[in-house]
Amino acid sequence: MKKILTILTIACVAFVFTGCQKDVPNKFIVELRSVGKEIPNPNITPERCIPEGAEATLESIRYIPGHPIYYMDYTANVDWGSLLTDNNLPLYGMYYLTSKVTNALFNYIPGPTNTDKIQGNACSGFICYNKKGELLNCRNYDGDYGEMVVVFNRNVKPGEHKSVMMTDLNAAQKYSGTGGYNGDNVLLRGGIDLNVLLRQPISTVDGMNDAGLVITSYQLPNFNDRNNPTIDPFPNVTPRPFAVDQNTGKPRIGFSGLHILALTKCATVQDVIDLFRSYDFTTLGRDLNVHWCVSDANNNWKTLEYWVGSDGRDSLYVFDENARAHSANLSSHNVGYEYLSMENYYYNPIPAATWSMDFWQRDFGGVVRAQNMMDHYSPIMDEVAALFCLQYGNFGIEVPGQVTNWSCVYNAKQRTILFNARNDMSQAYTIDLKKDL
């Protein structure tokens, strides 16, 4: 078996390197910090911002011409831990939370917005290793055409970690009560007061800190959809409620808070597990449950997700590759290392056994893209090959007209990030946390 796997590995590497990289253009990889232009005529009103350092943060915003990418140095003094942890935080409490954040950041309160139903999409990714044996945490983020805002977070206290946060401009505006996203180039067109970008960290969906800790999130299927008998393959199976609402008496927190605190306070996978277990997690949107792939500079990685435990309460489950091999349920795709694929289905054996993968495929098409990536996957790929491999999980494969917002390859050991936006393989960008933070 080991010999067969070695042959498969060599074959896959050869395919990826010869089949993909032969088309790499000149100057394909550009340092993100070496490019970027100031926002023309930025709409900044410092008197409306409360935190110290807000004006410098907003003045640091840069855009990448021709690509839906911005970046900024976040130096505003915001205590995310106290803002995003709230014992009164209700289930589906996104507007409650963002209203609280708004009051802390601005001298005005935007009008209310409906954030109960958050429309998500199916992300995809995988774990692999480069030839040096360094773990690469690779992910696609799919959304609603949101432009990417890379946040260089320098707002940390002594002993905490600086980080790079990948955030969605569309999502941040959708949750903020400041109005809609209103299409690409909205910042360049003056369609948004730049002040609201102070809220950008609450839309963090993946990132890396200066210790090499990486966290990536993936949406999970909505079990409530099974109430539709016309598409439900198992109408007689009682579905578990979709939302997670832990109630054990610990401080309550939502997914955005966990992302920010993990990147700020954690250095290892075990640190993240301990952090998650120190809070009661509450789903902030009716259609927003996620699981996480976390990794660190010691080549450790785990999958974290919530599921109802034997006590009837939502509990945190931690999976490694061996557990995932039995529960990922990709048996129709006979690849020995397929369990290294990350997708939008539960890895817990209970839902994996009762949830129809065929239904999930027809709902979000996640399995098709996972298998498509696995056809071009190798356990050993360098960063460029891994970035190309991610493009085979493009959201548009199942849903014409949709795109993958961004693809990231995180090298925790080297503290580097290679990424592109919307499957545009004419240009990729790199971040080196050792010098860019």
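**Confidence first.** I checked the protein chain and got a mean pLDDT of 78, with 70% of its residues at 70 or more. I'm keeping in mind that this is a predicted model. Then I asked myself where confidence is lowest and where it is highest. Helix 1, residues 2-19, sits at the bottom with a mean of 32, while strand 19, residues 428-432, tops the chain at 98.

**Shaky stretches.** I noted two runs. Over residues 112-118 the pLDDT stays under 50, and the model has 23 contacts there beyond four places in sequence. Residues 355-365 also stay under 50, and for them the model has 31 such contacts.

**Helix 12.** Next I went to residues 383-390, which make up helix 12. How many of its residues are buried? I found 8 of 8, so by the under 20% accessible area cut-off I wrote the helix down as mostly covered. Val384, Phe388 and Cys389 are among the buried ones. At the start of the helix, I saw a side-chain oxygen of Asp382 come to within 3.2 Å of the backbone nitrogen of Val384.

**Glu383.** This one is in helix 12 too, and I spent a while on it. Which side chain of opposite charge is nearest to Glu383? It's Lys132, 7.5 Å away, and Glu383 has no salt bridge although it is buried. I did find a polar contact of 2.8 Å between the side chains of Glu383 and Asn411. Leaving out residues up to four places away in sequence, I listed what Glu383 touches: Asn130, Leu136, Val409, Asn411 and Leu418.

Methods. Residues are numbered from 1 along each chain as its sequence is written. This is a predicted model: local features need pLDDT of at least 70, side-chain atom pairs count only at pLDDT 80 or more; totals for chains, interfaces and linings use all residues. Side-chain values use heavy atoms; hydrogens and water are left out. Buried means under 20% relative accessible area, exposed over 50%, partly exposed in between (1.4 Å probe, protein chains only). Helices (H or I, at least four residues) and strands (E, at least two) are DSSP runs, numbered from the N terminus. A polar contact is a pair of N or O atoms within 3.5 Å; within protein, one must be able to donate a hydrogen and the other to accept it, and residues adjacent in sequence count only if both atoms are side-chain atoms. Lys and Arg count as positive and Asp and Glu as negative; His and the chain ends are not counted. A salt bridge is a side-chain nitrogen of Lys or Arg within 4 Å of a carboxyl oxygen of Asp or Glu. Contact means heavy atoms within 4.5 Å. pLDDT is the predictor's confidence in each residue, from 0 to 100.
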